[in-house]
Amino acid sequence: MKGRVLIVDDDTALAEMLGIVLRGEGYEPTLCADGDQALPMFREHKPDLVLLDLMLPGTDGIDVCRAIRAESGVPIVMLTAKTDTIDVVVGLESGADDYVVKPFKPKELVARIRARLRRSEEPAPELLEIGDLVIDVAGHSVRRDGGPIPLTPLEFDLLVALARKPWQVFTREVLLEQVWGYRHAADTRLVNVHVQRLRSKVERDPERPEVVVTVRGVGYKAGPA
Amino acid sequence: MVRRARTLVRRGWRRSIALWRRSLQLRVVTTTVTFSLLAILLLGNVLVTQVRDGLLEDRRQASLAEASTGLRAAQEAFDSADRSEPGVFDTLVPDLVRQLARGGGSEGNKDVVLLRGPDINSPEAPLGRSSSGADITALDTLRPQVQNRSAQLWTYAAVQRDSGRRVPVIVVGAPVQIPGIGAYELYYIFPLDKEQDTLALVRRALLLGALGLVVLVGGIAWLVTRQVVTPVRMAARIAERLSAGRLEERMRVRGEDDLARLAASFNRMATSLQRQIRQLEDLSRVQRRFVSDVSHELRTPLTTVRMAADVLHEARAGFDPSVERSAEILQAQLDRFESLLADLLEISRYDAGAALLEAEPTDIASVARQVVEAMEPLADRRGSLLALVSPPEGAVAEVDSRRIERVLRNLVVNAIEHGEGRPVTVLVAADDEAVAVAVRDRGMGLAASDVTMVFNRFWRADPARARTTGGTGLGLSIAMEDAHLHGGWLQAWGEPGDGCQFRLTLPRRQGTELDGSPIPLEPADSSRRRRPALRAGAPYQRVGSPEDVGA
């Protein structure tokens, strides 16, 4: 088994089809057709990844996303039928790591899921410093003055990517490729939104970032250690 | 200097002409004043003539009467004079003349002159003048007649006064006999200066009155026209505002007169227009919303079908040949369905005005190069040579690179698709204001009437011709919207048998107006340009763009 995936989608045909495809790819899918049931099922099944439709009856997809994110850093991939700027941004800001726009090709979806679950390989023990933070890559923890800072796996990956090459300025496109696994040009808002989320957790003053520094017109880099 | 004065005069003239043509009020007031001035002048003239004639007639009759009386008195005095006394007339004549001049009913300093008749040659014969300075040239016209006719005659004349002023006079003359000496002539010269003064006074009064009347009439005309013109002007202003889109503007309705009716019906018209426009707007909003909703709603089932088809497609090797082929067709048509839906959504976003431009300085030449490189495999398959000509220094403009790439991809795919295996050229050029990309194919070309049609949604050059690469039919419409979003142009040139050229022109800076393109719309290698001899016979230029038909 490559991993457990919770599919939260009210369209049963689509959910079932998603199940078939994911099972064919070696994942273990669980279906949930109701937003209200999403959180109990999430607690019960402890999935490695959540596939979440933004348009849900009962609890809204955005709310489900926030609720799950509130208690877990599990990767969340949104399914959205809207490409309008605001919906995607709202979804990302409520905690989703990535999104797929309907209609998507099955391969595309599987690639996104795989990218989010790819961490299963054990990384070599490694200690990184960025700003006044200490990152234990193998132990998957970030500490400031000895106190741990909880990050989602995606935020952790983002921070590690920056910290490994503190001399390099990362463009949004490079980060999309390294952290999200996109080979082609994708939505750079993913980077913007997640850098904001990361800063809100790791910066002493998110208004004046010292850990993840913006390089105007280019991208981001790690702050001096 | 002269020229400047002339230009000034000409400018002033033109300005007044413009004002005259623009202002109904000015025209009405001017016309009214002109005509009332004419009428008053005519009337005044008649009035003055009447007064003058009356005054003169009175004076003439009085003068004639006085002259007759004087004549009789003189004749009697001469007849009864004691002729035995020598030189009696030498004293009698001046006395009599003086007496005549003083007497009589009419006041004023009339002159009386007693002249010798033509038969008296003696220089010693007595003469009489009431005043020595009297100008007797006035008598010249009358004298021959008095001598011939031997009757009392009169005439108007003018005399020179000592002051130099010429005064109109009535001259009355009659023959008189001095016994023993011969025929004399007695003339009365009545000055008309009193009458002249009176007439001048009347004239002045009339002129003043006329002036006052004209000003009054002008003022009244101005006020009256203002009452009419003001609401008309208001209506014009409101109509302008309405046409500018301020649909809630209305005229003020006051009273129940014709103008109030005009205002009321104007307002009714505006209301009905507003209602219809709102209805159309609502309708179009609903329709756009519908297209957008449908596109959204279609996405979820399409995703499901897509995945199902994918699963079938993956497993097709184990199927029956016909089922296998079906899975392939299903897969291919789903691709087409998907791109159609994507285009439909894109265009509905444009229709809803929701398309946002994320412009930043981009090298169009490098975008073109990327597109050409990506299209190379397709060109190879179609046997077309794909060439890119671009300036080495690049062509940077503020554009949304995603949209421009889409436009160029579309144009290049179209060119390859319709290029019939002949070379396709992508030409990039720039000047200070604009960057242009022209995509030229040498396929079967376009008819003049089709040049403007290619940008229509779902338009096909030849309905009978099968679609091969399966475009959605919305590509050029979207490309056109993309170009417009940038403030740019997308134009087509085509000639049957000579291929087409599509030219995209973009302003270098967002918000600036395009006034030309660095690339001519008609390619330099068109057959018409290569054979200029043919140009003379060409009936019209087959060039068109949507702007030309009033897009």
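Both faces of strand E12 of chain B are covered. On one side sit Gly499(B), Gln501(B), Arg503(B), Thr505(B) and Pro507(B), and on the other Cys500(B), Phe502(B), Leu504(B) and Leu506(B), all of them buried. The strand spans residues 499-507, and nine of its nine residues are buried. Please keep in mind as you look at it that this is a predicted model.

Which strands pair with E12(B)? One of them is strand E11 (residues 489-495) of chain B, joined to E12(B) by seven bridges in an antiparallel arrangement. To find this pairing on screen, look for Gly494(B), which stands opposite Cys500(B). E11(B) and E12(B) form a hairpin with three residues between the strands, and there Gly497(B) takes a positive phi near 85°. E10(B) is also joined to E12(B), by eight bridges, and these two strands run antiparallel. Here Ala434(B) stands opposite Pro507(B).

From E10(B) we can step on to strand E9 of chain B. Six bridges join E9(B) to E10(B), which covers residues 434-441, and the two run antiparallel. A hairpin connects them through three residues, and Ala430(B) stands opposite Val435(B) in E10(B). E9(B) also pairs with strand E7 (residues 386-389) of chain B, this time in the parallel sense and over four bridges. In that pairing, Ala387(B) is the residue opposite Thr425(B). Why is E9(B) largely enclosed by the rest of the structure? Six of the seven residues in this strand (424-430) are buried, so the rest of the structure largely encloses it.

Now let us turn to chain A. This chain has eight helices and twelve strands. Of its 225 residues, 40% count as buried. Among contacts in chain A with a separation of 6 or more, 55% are between residues 24 or more positions apart.

A good place to start in chain A is an open sheet of five strands, with parallel pairing and the order E2-E1-E3-E4-E5. Its edge strands are E2 (28-32) and E5 (98-101), each pairing on one side only. Neighbouring strands of the sheet are turned by 20° against each other on average, direction ignored. At the E5 end of the order, strand E4 (residues 76-80) of chain A is joined to E5(A) by four bridges. Met78(A) is a handy marker for this pairing, as it stands opposite Tyr99(A) in E5(A).

Helices pack on this sheet too. Helix H1 (residues 12-24) of chain A touches strand E1 (4-8), E2 and strand E3 (49-53), and its direction makes about 170° with that of E2(A). Helix H5 (residues 106-117) of chain A lies across E1, E3, E4 and E5, running at about 175° to E5(A).

Next, the nonpolar interior. The largest nonpolar core has 64 residues, and those touching the most other members are Val8(A), Val50(A), Leu51(A), Leu52(A), Leu159(A) and Leu162(A). Helix H6 (residues 153-164) of chain A gives the largest share of this core, seven residues. The core draws at least three residues from each of domain 1 (4-120) and domain 2 (127-222) of chain A.

Two of these residues are worth a closer look. Leaving aside neighbours within four places in sequence, Val8(A) is in contact with Cys32(A), Ala38(A), Val50(A), Leu51(A), Leu52(A), Asp53(A), Leu56(A) and Val64(A). Apart from this core lies another, of 53 residues, among them Val367(B), Met375(B), Val435(B) and Val451(B).

The other residue, Leu162(A), has its place in helix H6 of chain A. Is Leu162(A) buried or exposed? With 28 other C-beta atoms within 10 Å, Leu162(A) is buried. Not counting residues up to four places away in sequence, its contacts are Ile130(A), Phe170(A), Val212(A), Tyr220(A), Lys221(A) and Ala222(A). Val212(A) is 50 residues away along the chain, yet the C-alpha atoms of Leu162(A) and Val212(A) are separated by 7.9 Å.

Finally, where do the two chains meet? In all, 14 residues of chain A are in contact with twelve residues of chain B. Helix H1(A), which packs on the sheet, provides the largest share of the chain A side, six residues. That side divides into nine nonpolar, one polar and four charged residues.

Definitions and conventions: Residues are numbered from 1 along each chain as its sequence is written. Chains are lettered from A and ligands numbered from 1 in the order in which they are written. This is a predicted model: local features need pLDDT of at least 70, side-chain atom pairs count only at pLDDT 80 or more; totals for chains, interfaces and linings use all residues. Two strands pair if DSSP finds at least two bridges between them. Axes are lines fitted to C-alpha atoms, for helices over the stretch in contact, and angles run from 0 to 180 degrees between N-to-C directions. Two residues are in contact if their C-beta atoms, placed from the backbone, lie within 7 Å. A nonpolar core is a set of buried Ala, Val, Leu, Ile, Met, Phe, Trp, Tyr and Cys residues joined through C-beta atoms within 7 Å. A residue is buried if 20 or more other C-beta atoms lie within 10 Å of its own, exposed if 12 or fewer, and partly exposed in between; C-beta atoms are placed from the backbone. Domain bounds come from an automatic or database domain assignment. Ala, Val, Leu, Ile, Met, Phe, Trp, Tyr, Cys and Pro count as nonpolar, Asp, Glu, Lys and Arg as charged, and the others, Gly among them, as polar.
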